[in-house]
Amino acid sequence: MTDSATLTAVDPATGAPGTSYPETSGEELEALLAAAAAAADDERFRGEARVAMLRSIADKLRDRVDEIVAVCTAETGLSEARLRGEVERTWRQVLLFADLIETGEHHEVIIETADPDYKPVPRPDLRRMTIPIGPVAVFAASNFPLAFSVAGGDTASALAAGCPVVCKAHPGHPGTSALVGSLIDEAVAEHDLPAGVFGLVQTASVQLATRLVCDDRIEAVGFTGSIAGGRAIFDAAARRARPIPVYAEMGSVNPVVVTAAAIRERGDAIADQLAGAVSQHAGQLCTKPGLVFVPKGADGDSLAQSLGERVSQSETAPMLGPRLLHGAEAAVSELESAGSERVQLLGRSAPAPEGALALPAAVFATDAAELRADPSLREERFGPITVVVRYADLEDLLATLHELEGQLTGTIQLADEGEDQDAARAIAEALIARVGRLVINGVPTGVVVSAAQFHGGPYPATTAPTTTSVGTLAIRRFLRPVLFQNAPEWLLPEPLRG
């Protein structure tokens, strides 16, 4: 890569190119990595100034919301309302981490004093706490240009843990990344913290991204994106002479099971919920329902038809960029080429305006037996696409759920009355074996940021199924436990004294 390389955003609403931004050079990356390593050892980053820095980042995001939204709209095609909500989510989650580390709860202190009568052997004085893992590489997502991007959950949780961050921005929104990165830099400087606390890398180079992952100064990686991208990073980190953890959120079809009783009780409301979850934001959500299971027969046919009609009437929205558009177009073509006997089209929204990088939303249908026989039908289709799956009975449904890979979420739509509770328990158990979050009578989109939230799941939903990328527990990814045994008080860190 040369110093003259640039990244140019495209306006998805028109297809027109926007402003160009310089790519990070190899020399600049080396400087960022060296600064991050130095910051990890700097006492200033271990004290109360870290809380103040996080609160300043939140204030700056809130104060500059109009500018952020204007730049981001032109690069992503997302609506102003969506982006204003995302800015708020971003600064609020930064504040959650500031509040958390101010309490010291993230240290997870456990103190066991010496006990000579402990069996089977005497117990020494044991004091455990967590410490920062070291500099972290964060790969920003395309579909959440703020909340899962430069100042998003991975960056916020790593900074809160006391880990310097080298953030690889997504090339689809370089202007947004540059603006938000500058606000973080301002907050770092205001509190006299070392400049290496945060560094921004702007590149589309796989070579440079791999160099970031493989650099010996990086101790962990946070990633949100495709299975192919996440697995490539995971494999690169595993090949290092000293492997490091990769916390990658990747693919998920988020199965939704609708029972006959639920359809009879409130079928129209369920169809409305599902249509919105599939079509909103052009279906570019990691928790979009990609498979909707309905019973064969009149009840299931009614819901499938209603869902197809509602999606047909939805607004066709822009995709985030050419690569995502082409991927979604290929997914639709694959479903259409499967043959009408295997896969049927139930509804499609109107064509997009000329020049827009947009794909009409579409609903397809197939049978559970087809889904079990053809693994390609079970793959994630990123965009406004979903597949209705007709199951014959509980046994047919459970056998099909068993074939699914790991998912972020699973959903059951149940009736308030007249539901077969034994069947519902069996469905819940089958989903829990595959998912990280079970939703009842809702849709999986809309992930609340809170202490209880778990946004993770078995592979390939993530590479680390015991961890979450949303909520305050996300900080645990970037902390490691250390136990002090029989240490004198003067040697103990402050949280372990007394």
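Is Ala282 buried or exposed at 1% relative accessibility? In this predicted model, Ala282 counts as buried, because its relative accessibility is 1% and the cut-off for burial is under 20%. The residue is found in the loop between helix H9 (260-279) and strand S11 (291-295). Its backbone also stands out. Ala282 is not a glycine, yet it has a positive phi of about 55 degrees.

A positive phi also occurs at Asp192. The angle there is about 55 degrees, and Asp192 is likewise not a glycine. Asp192 sits in the loop between helix H6 (174-190) and strand S7 (198-201).

Cis peptide bonds were examined next. One runs from Lys119 to Pro120, with omega near 10 degrees. Pro120 belongs to the loop between strand S3 (110-112) and strand S4 (126-132). A cis bond also joins Tyr459 and Pro460, where omega is about 10 degrees. Pro460 is placed in the loop between S16 and strand S17 (479-485).

The interior was then analysed through its nonpolar cores. The largest nonpolar core holds 90 residues. Within it, the residues with the most contacts are Met53, Leu54, Ile57, Phe293, Leu401 and Phe478. Helix H4 (residues 80-103) is the main contributor to this core, giving eight residues. A second core is separate and has 21 residues. Val201, Leu208, Leu212 and Val213 are among its members.

Phe478 illustrates the packing in the largest core. Residues up to four places away in sequence are not counted here. Phe478 touches Ile131, Pro132, Ile133 and Val136. Its contacts also include Asp154, Ser157, Ala158, Ala161 and Cys163. Ala220 and Tyr247 complete the list.

Aromatic pairing was considered separately. A pair of aromatic rings is described by the distance of the centres and the angle of the planes. The model has three aromatic pairs. One of them is formed by Phe144 and Phe148. The centres of these rings are 5.3 Å apart, and the planes meet at 55 degrees. The pair is tilted, because its angle is neither under 30 degrees, as for stacked rings, nor over 60, as for edge-to-face rings. Both partners are buried by the cut-off of under 20%. Phe144 has a relative accessible area of 13%, so it counts as buried. Phe148 counts as buried because its relative accessibility is 10%.

Ala178 lies in helix H6. With a relative accessible area of 27%, Ala178 is partly exposed. Apart from neighbours within four places in sequence, Ala178 is in contact with Leu200 and Gln202. Ala158 is 20 residues from Ala178 along the chain. The C-alpha atoms of Ala158 and Ala178 are separated by 19 Å. Ala158 is also one of the residues touched by Phe478.

The surface was examined last. Ile432, Leu438 and Ile440 make a nonpolar surface patch of about 250 Å². Leu438 lies in strand S16 (residues 435-440). The relative accessibility of Leu438 is 33%, so Leu438 counts as partly exposed. Members of a patch need over 30% relative accessible area.

How values were computed:
Residues are numbered from 1 along each chain as its sequence is written. This is a predicted model: local features need pLDDT of at least 70, side-chain atom pairs count only at pLDDT 80 or more; totals for chains, interfaces and linings use all residues. Side-chain values use heavy atoms; hydrogens and water are left out. Patches are made of residues with over 30% relative accessible area and no salt bridge: like charges are joined within 9 Å, nonpolar side chains (Val, Leu, Ile, Met, Phe, Trp, Tyr) within 5 Å. Accessible areas come from the Shrake-Rupley method with a 1.4 Å probe; for residues, only the protein chains shown count as cover. A salt bridge is a side-chain nitrogen of Lys or Arg within 4 Å of a carboxyl oxygen of Asp or Glu. Helices (H or I, at least four residues) and strands (E, at least two) are DSSP runs, numbered from the N terminus. Buried means under 20% relative accessible area, exposed over 50%, partly exposed in between (1.4 Å probe, protein chains only). A nonpolar core is a set of buried Ala, Val, Leu, Ile, Met, Phe, Trp, Tyr and Cys residues joined through side-chain atoms within 4.5 Å. Contact means heavy atoms within 4.5 Å. Rings of Phe, Tyr and Trp (its six-membered ring) pair if their centres lie within 6.5 Å; planes under 30 degrees apart count as stacked, over 60 as edge-to-face and the rest as tilted.
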